[in-house]
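Colleague: I have not looked at this one before. Can you walk me through it?

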Amino acid sequence: MKDGLRSGEDRSVLSDERAAMGDSPPRELISLADDEGSSVSVNVLGRSPRWTAGLDAEIVVKTPFVSGRIDLALYVARLESWADALDRLDAGEDVAWMEMSSGPSIFVQLTGERDCPEVVVEDESGSMVTVRVPLVPPDDWIADHRQRLRQVMDHWVPMLSG
């Protein structure tokens, strides 16, 4: 279902919606990468056609060794919990985001097993796969992610119901 289109949905409605939203709505909620080619990102794909209070999103992991993606549903409470996670990271704490829900979880460990920050993506309820990505984000990454979150919330949340 490319671009969130259901079969028979009028593409002109979608283009009118995009024009009203501006040409490039914020897509990257999380973008952590290093100079070695490793990255973990959470990308907003658009409003969910199945759930008016949700957004379709994906977690994308890329490393020189392994790459993959998994679907993710985002809603206001999850976005707010990411804001809380950023506050805890800023205070020097490791975080688990979406750990107690169905679907994938993201853990950010400031000092991981290899004595550098690590992002762990776990899909225990689905594929039962866990990927650990050591990477060193830039110094201002928390402020950058607060801004990303603010842009995503300002743009997408007013379109959600519920």
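Modeller: What follows goes from the overall layout to the sheets, the helices and a few single residues.

Colleague: What kind of model is it?

Modeller: It is a predicted model.

Colleague: How many helices and strands does the protein have?

Modeller: There are three helices and eight strands. Along the sequence they come in the pattern α-β-β-β-β-α-β-β-β-β-α.

Colleague: And what share of the residues counts as buried?

Modeller: Of the 162 residues, 40% are buried. The protein exposes about 9,300 Å², and carbon and sulfur atoms supply 49% of that area.

Colleague: What part of the contacts comes from residues 24 or more positions apart?

Modeller: Such pairs make up 41% of the contacts that have a separation of 6 or more.

Colleague: On to the sheets. What is the strand order in the one that holds strand 1?

Modeller: That is an open sheet of four strands in the order 1-2-3-4, with antiparallel pairing. Strand 1 (28-33) and strand 4 (67-74) are the edge strands, and each pairs on one side only. On average, neighbouring strands here are turned by 20° against each other, direction ignored.

Colleague: How many bridges are there between strand 2 and strand 3?

Modeller: Eight bridges, in the antiparallel sense, between strand 2 (residues 39-47) and strand 3 (residues 55-62). To find a spot in that pairing, look at N43, whose bridge partner in strand 3 is E58.

Colleague: Which helices pack on this sheet?

Modeller: Helix 2 (residues 76-90) packs on it, touching strand 1 and strand 4, and its direction makes about 115° with that of strand 4. Helix 3 (residues 141-156) lies across strand 1, strand 2 and strand 3, and runs at about 160° to strand 1.

Colleague: Is there a residue in helix 3 that I could use as a marker?

Modeller: Try Q151, which is found in helix 3. Its C-alpha atom is 8.6 Å from that of L29, although the two residues are 122 residues apart along the chain.

Colleague: Is Q151 buried, exposed or partly exposed?

Modeller: Q151 counts as partly exposed, because its relative accessibility is 40% and that class lies between 20% and 50%.

Colleague: Now the other strands. What is the order in the sheet with strand 5?

Modeller: Four strands form an open sheet there too, in the order 5-6-7-8, and the pairing is antiparallel. Strand 5 and strand 8 each have a single partner strand, so one side of each is left without a neighbour in the sheet. Here the average turn between neighbouring strands is 15°, direction ignored.

Colleague: How many bridges join its strands?

Modeller: Three bridges join strand 5 to strand 6, and five join strand 6 to strand 7. In strand 6, the bridge partner of W97 is I106. I106 in turn stands opposite V121 in strand 7, and S105 has E122 as its bridge partner in strand 7.

Colleague: How many residues of strand 6 are buried?

Modeller: Four of its five residues are buried, so strand 6 is mostly covered.

Colleague: Which helix lies across strand 5 and strand 6?

Modeller: Helix 2 does, running at about 170° to strand 5. Helix 2 also touches strand 1 and strand 4 of the other sheet.

Colleague: Which residues have the most contacts inside the largest nonpolar core?

Modeller: That core has 33 residues, and the ones with the most contacts inside it are L29, V42, L74, W97 and I106.

Colleague: Take W97 then. What does W97 touch?

Modeller: Leaving out residues up to four places away in sequence, W97 touches L29, I30, V42, L74, R78, S81, W82, S105 and I106.

Colleague: Different topic. Which residues have unusual backbone angles?

Modeller: Most residues other than glycine have a negative phi. M98 is not a glycine, yet has a positive phi of about 70°. M128 is not a glycine either, and has a positive phi of about 65°.

Colleague: Where do M98 and M128 lie?

Modeller: M98 is in the loop between strand 5 (95-97) and strand 6 (105-109). M128 is in the loop between strand 7 (118-123) and strand 8 (129-134).

Colleague: And are they buried or exposed?

Modeller: M98 counts as buried because its relative accessibility is 8%, and the cut-off for buried is under 20%. M128 is exposed, with a relative accessible area of 68%, where exposed means over 50%.

Notes: Residues numbered from 1 in each chain as written. Predicted model: local features only at pLDDT ≥ 70, side-chain atom pairs only at ≥ 80, totals over all residues. Heavy atoms only, no water. Pairing = 2+ DSSP bridges. Helix = DSSP H or I, 4+ residues; strand = E, 2+ residues; numbered from the N terminus. Axes fitted to C-alpha atoms, helices over the stretch in contact; angles between N-to-C directions. Contact = heavy atoms within 4.5 Å. Buried < 20%, exposed > 50% of the residue type's maximum accessible area, 1.4 Å probe, protein only. Core = buried A, V, L, I, M, F, W, Y, C linked by side-chain atoms within 4.5 Å. Areas by Shrake-Rupley, 256 points an atom, 1.4 Å probe, with all protein chains shown as cover.
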